[in-house]
Structures are given as structure tokens and as C-alpha cells.
Amino acid sequence: MFNLSSSYQPIEPQKLAAEKLVRGILTKQNHQVLLGVTGSGKTFTLANVIQKTRLPTLVISHNKTLANQLYQEFKDFFPEAGVHYFISYYDYYQPEAYIPRSDTYIQKDAKINEQIEQMRYAATADILSRNDVIIVASVSCIYGITNPKEYKKISVIFSRGQKISRKKIIEILVELQYKRNDLASLAGEFSVRGEEVDIFLPQGENKIRLSFDASAIFKIQTIPLALGSETKIKDLEETRVFPAKHYVTEKQKLVLAVKNIELELNRELAKLKKQNKLLEAERLEQKTKEDLAMLKEVGYCSGVENYSRHLEFRDPGEPPFTLIDYFNHQFGQSGWLLAIDESHISLPQIRGMRAGDYSRKKTLVEYGFRLPSAIDNRPLKFSEFLAKTEKTIYISATPSDWEKEKSGENNIVEQLIRPTGIIEPEIIVKPAQNQVNDLVEETKQNAKKGERTLAIVLTKRQSENLTEYLLEQKIKTHWLHSEIKALDRPELLADLRLGNVDAIVGINLLREGLDLPEVSLICILDADKEGFLRNETSLLQIIGRASRNPKSRVILYADKITKSIKAAIEETERKRKIQLEYNKKHGLTPQPIIKEIKHFKIERRADLSYTGLSELPENASVSTVIKALEKEMKKAAKDWDFEKAAKIKKQIEQLINSSE
């Protein structure tokens, strides 16, 4: 378990940091801080801690871009382990809400990214199936999913030689919310062909084929769905099939849950009518009865999570089950490790998520759009989060006072030396009055040297306007802020590293954790605008983005030296002094980081071997795959093979939806 694969060995400061953290874990120091500068190999140190302690690990990151980067790094470090990516599966999400002032009801509107949804299912399945798991998650992991005990209990194990009819297996799969589709099955569906049943697992990577002979299973195979992987088919003795959806309830329990929902509905209707809220009562009754009809009919309904308290038989106010409960259920609260990356940002997010959710739900309940139990479909409170976690490492170059106090002075591990010998960047302060023109010249000079630039502004509008201006100045530029989709951000950053883009203009998304060794210049505009984006912590984090390149510089455009600027410069100089002394003592010359540029592309999956795709390169883009599929679809239609054409058409639609 947890066999660490790496082409380099930890340097002395990394070894010492890992050893101290491991010692803390073994002596039950449940709160520790890894205070490491950017580029010092904090992720590698954590990987060494995981290898030494053999603990299943949950890594929480505050944004999807950084989470993706960590996910890729841990997959490289532990190629044999179950490394997974668990973030919010919405490309677009507008929560249900009601604004009393204008009498405006906003219906929930969401677009689910199917690939991310499949990765979430893969994560929960592996936690419940193996011990060597590392899950990299965003803070959305503290939102409710479903009871891990019930999710595992309702899963089914099929064994070779098991006496069971094909009809019974179909009934079981329908109960597990799988849909039958014999033409072109997708994740969460199954198909039946003769004496074979293909189960397309919700994690989307494989399908399970059950082959029958005389009312028994004589063969079980796991078949990868990625094109060109036919040789990786494996025969299994048994397999566990988890439900197609996280919210699935056993029939008997579902009947009782529906009765409890009906009881709550009757109580709430009586309360609303007593208050003479007849419109609200009518609204609530109609909506809830529609949902109940769907639950009785198919065991599922739109917005089923709003009834999760009843479906899981939780008491009012009891916290929901989250990804953390999957770790606690499988390994025990003391049997796994929690690492909170960039903790100075991640913890405030976790701390504040409950309040906004409660305010919105409370209004929906007051005006008859939801039952009061919907309030218990929520993220964890911060106190609940702390109560459910134990062995914790807070990772940050700038930990807050809370992390330091929680850990205690003896459990703060500093890691200020980089394996490359790179020291903190030179900091230059220039007047803000002429900042844009100076930025243009600096960026052009940097591009001529084959190096990249980050420009940090304060607002989305500024980032877009500055990008347009730089493009007019013949500088290859792109902006990056929260409206860039999660799966597009890594490709945009890869373009920067490859030189397809000379500069990226961003706001706070560029602060924490992004690994960009080609960036040698960071320009912070309006650095003296004291506030959240220009306080000491923020400035130090931005400065850290330039610490991957030995030629790095940071330009602060400011007309006055604020307290935050002064503190950031002093802390940077303190670290530079320690690093210079270490380099001198060990004869180190700063070396540039050479890091592979990876593309996080949507995998090409198909159940058929299309001749038009067989010669495509493995890293072909999604658009190239779609064009090849369209060619095959037209050929199949021309040959009157309409079933094949329909299958290809469905796959094209899946690829288009996943890549939007």
C-alpha cells in the first residue's frame, strides 16, 4: 500500500519536516502546521508522510484549479493507489431561492458535468472498497451526500458461480437506480444482450459484464471504456456494484421515509393555515405531493436531497453525512489523515458555508416552498467539521493565528528551503501612476526572454479590460477568474507554460498553490489598496507564485508603502536570508524547475471500436474525436446501419455536453 514513486529523493529539510509530522501523528498530536514556502515541496513532504504512516488521506483544497493540480501530483506519486478527485459536479449552479421583497421565486438551475460526477462516484466507491485511498477534494466535500453505511449496505456483490437468474439481476439493478438501455448505455445504465448483462458503473471508467449459464454467473469481467483498452479486460471472481445514485433507499425504508415526509407535510400545512398563510400552504402541498409521487414511483425525484433527513432517518438538526463520514465509517475517526491545503483560505471557507445556506433555506421554508426538514440538507457547521476530524495537518506558507494556536508552537513545522536552491524573489516597488504602461514594457521584455508574466488586478472587469489592452499591444494574453470553468483552467495554465500565452491577468485565483515555473515576473497592480486582496497574507501568497524561477521578480505598483507591503517585504527578506545561508553552506546554485506540462483532457470513452478512431493519437483533442465520430456516424447511416449510427450520435452528444 502507498508505494511512493518519485524520480528524486527528499532533501534534508523535507526529510526533517516529514519525520516531525509523522512523529506528531504517532504521538497523537492531532493538529499540526506545515509552514512551507512555495516551491519547497510541501506536496512531496505530505506524500512521504502518507507513505510512512500508511494512512488513507483526504486532502481539502479551497479551489478547483489547485485541487486538480494536487490530484495529478498524487496520481504520479502513488500510481498504484486509489487517487481520486472530488469537487462540486456543477458547471453552472443557481440554487433555489425566494426574494420576498420582489416576490421572486428562483427555481434551481444547474448543469451537471458528467465526468466530474463520475469521478465523485469513483471516490466514494474506492473509500468503501480499499485501504490505499487518497481523495483530493474541494471544500464542497462538507456538503451532504448520503449515509455511507446505507450506501455500502445497499450495494450488491456478484460472484462467479452464484446461482441467480438474469431476471433477478435486472430487478436488483433497477432497485439500485440503474436504467436499462440496450442501444447506447452511459454511466448508471445497463444493457442486456442474450446471456450477458453489461453494467455501466456510475464512476464511468469501466463496465461489468456478467455472463450466464444455466441460471448461474459463470464469468465476471471488468471492461475499460476508454478507446484502445481492449487488452485490459480482466476476469474477476467477484465484484461489488454500488448504486447508480448517491441517494438510494431500500424499499421498506423508503415506504417509512415517505410516511414521515407526509406527517411533516400535514404538520406544516396545519401551521401555515393557522397563520392564515393559505397561498404558502397550497404551494407547499402541491410541490411536496408531486415529489412524493415520484419517490413512490421510482424512488427518486428532482431535489431529492431536500428530503435527505427523512431518507436517512436523521433527527432534526443532526448533521448530514458527508465525504468525511465515508472515511470515518470505513477507517474509524483515528484511522485516516486530513490535510488542509492553503489552510489560511480553506478554513474560512469551511467556517462560513453554513450561514449562507441556512439563510436561503429558512426563507424558502417560511414562504411555503420547502418543508422545514430541507434546512437539514446543508454543509457542516465548523464545530461539526472539527468534531468529525482528528489527525489534521494544516498546510500553508501563511497560516493564520487560529491554525498556529490550535497546533501549538511545538507542532509548527517550518519548511523554507527549496530543493532547487531558488530563493525568494526580488521585490521592486514602482509608482502606481504609470502602472499599465510599465506593465506592457515589462511583459514584452519578459516575453522576448521566453519567460511568462502574471498580472494581478482587483476585479473581473479590470482583468478583462487589461487583457484586451495587452492584446492590442500584441501581447498574447488571457484572463483567468471564477467564470472560467473548472476543467478549462488547467488547459489555460498549460498554454501559459507552453508559451502559447505570454501573460495571464487574474485576481485572487492566482494566489495559492499554482505551480508555474516558467513565470519569472509578477506585477501586482494597485498594491497599496489596503484590503483583503492586498493584505500581508495575500501579498505574500502572490509573491510566492514567482518562487519557482531563479530569475524571479515581483513588481509592486504603489504610491505609498502600506503596513501590509512593509510586512510582506520584511518576511520575504527574512526567508531570503535563511535560504541564502543554506545555499552557501551546502554549495547550492539555484536551478530552474523542470516540470512536465500535463493536459487534463476529457477521456474518450466508447463501447464500440470505430475504425475511424483507431489511428487517432492518444492525446487527440475532444474536437478531433468528435469529427472522427461524425465521419463514422455518416458512414454507418449510409450503410443503413442505423443502430450503430444512433450509438455514435449519443456518444457525440455526451462528448459535447462534457466539454462545454
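In the predicted model, the side chains of Arg-370 and Glu-96 meet in a salt bridge with an N to O distance of 3.0 Å. This pair links distant parts of the chain, 274 residues apart, with Arg-370 in the loop between helix 11 (343–366) and helix 12 (382–388) and Glu-96 in the loop between strand 4 (90–94) and strand 5 (97–99). Both Arg-370 and Glu-96 are buried. A search of the whole structure finds 35 salt bridges, of which a few further examples are described here.

Within helix 11, the side chains of Asp-357 and Arg-360 form a salt bridge at 3.2 Å, N to O; the two residues are three positions apart, about one turn of the helix. Asp-357 has a relative accessible area of 6% and is therefore buried. Elsewhere, Arg-193, Glu-196, Asp-198, Lys-207 and Arg-209 are joined into one network by salt bridges that share partners.

Another salt bridge, 3.6 Å from N to O, is made between the side chains of Arg-130 and Asp-126. The two partners can be described separately in terms of accessibility: Arg-130, at 27% relative accessibility, counts as partly exposed, whereas Asp-126, with a relative accessible area of 17%, is buried, because the limit for a buried residue is under 20%. Asp-126 also appears among the contacts of Val-133, which, leaving aside neighbours within four places in sequence, include Phe-2, Pro-56, Thr-57, Gly-82, Ile-127, Phe-327 and Phe-331. Val-133 is found in strand 8 (residues 133–138) and, at 0% relative accessibility, counts as buried. The C-alpha atom of Val-133 is separated by 39 Å from that of Val-365, a residue 232 positions away along the chain.

Aromatic side chains were examined in turn, and the count comes to 15 aromatic pairs. One of these is formed by Tyr-8 and Phe-44, whose rings are tilted, at 4.9 Å centre to centre and with 55° between the planes. The pair links distant parts of the chain, since Tyr-8 lies in the segment before helix 1 (12–26) and Phe-44 in helix 2 (residues 42–53), 36 residues apart. Tyr-8 is partly exposed, with a relative accessible area of 41%, whereas Phe-44, at 3% relative accessibility, counts as buried. The rings of Tyr-151 and Phe-242, by contrast, have their planes at 20° and their centres 5.4 Å apart, so this pair is stacked. Here too distant parts of the chain are linked, with Tyr-151 in helix 5 (residues 148–154) and Phe-242 in the loop between strand 16 (238–241) and helix 7 (251–274), 91 residues apart. Tyr-151 is buried, with a relative accessible area of 2%, and Phe-242 is likewise buried, at 5%. Tyr-8 and Phe-44 also belong, together with Phe-74 and Phe-77, to one aromatic cluster.

Charged side chains are also found over aromatic rings. The charged end of Lys-245 sits over the ring of Tyr-300, at 4.8 Å from the ring centre, and the charged end of Arg-351 sits over the ring of Trp-402, at 5.6 Å from the centre of that ring.

Terms used
Residues are numbered from 1 along each chain as its sequence is written. This is a predicted model: local features need pLDDT of at least 70, side-chain atom pairs count only at pLDDT 80 or more; totals for chains, interfaces and linings use all residues. Side-chain values use heavy atoms; hydrogens and water are left out. Rings of Phe, Tyr and Trp (its six-membered ring) pair if their centres lie within 6.5 Å; planes under 30 degrees apart count as stacked, over 60 as edge-to-face and the rest as tilted. Helices (H or I, at least four residues) and strands (E, at least two) are DSSP runs, numbered from the N terminus. Buried means under 20% relative accessible area, exposed over 50%, partly exposed in between (1.4 Å probe, protein chains only). A charge sits over a ring if NZ of Lys or CZ of Arg is within 6 Å of the ring centre and within 35 degrees of the ring normal. Contact means heavy atoms within 4.5 Å. A salt bridge is a side-chain nitrogen of Lys or Arg within 4 Å of a carboxyl oxygen of Asp or Glu.
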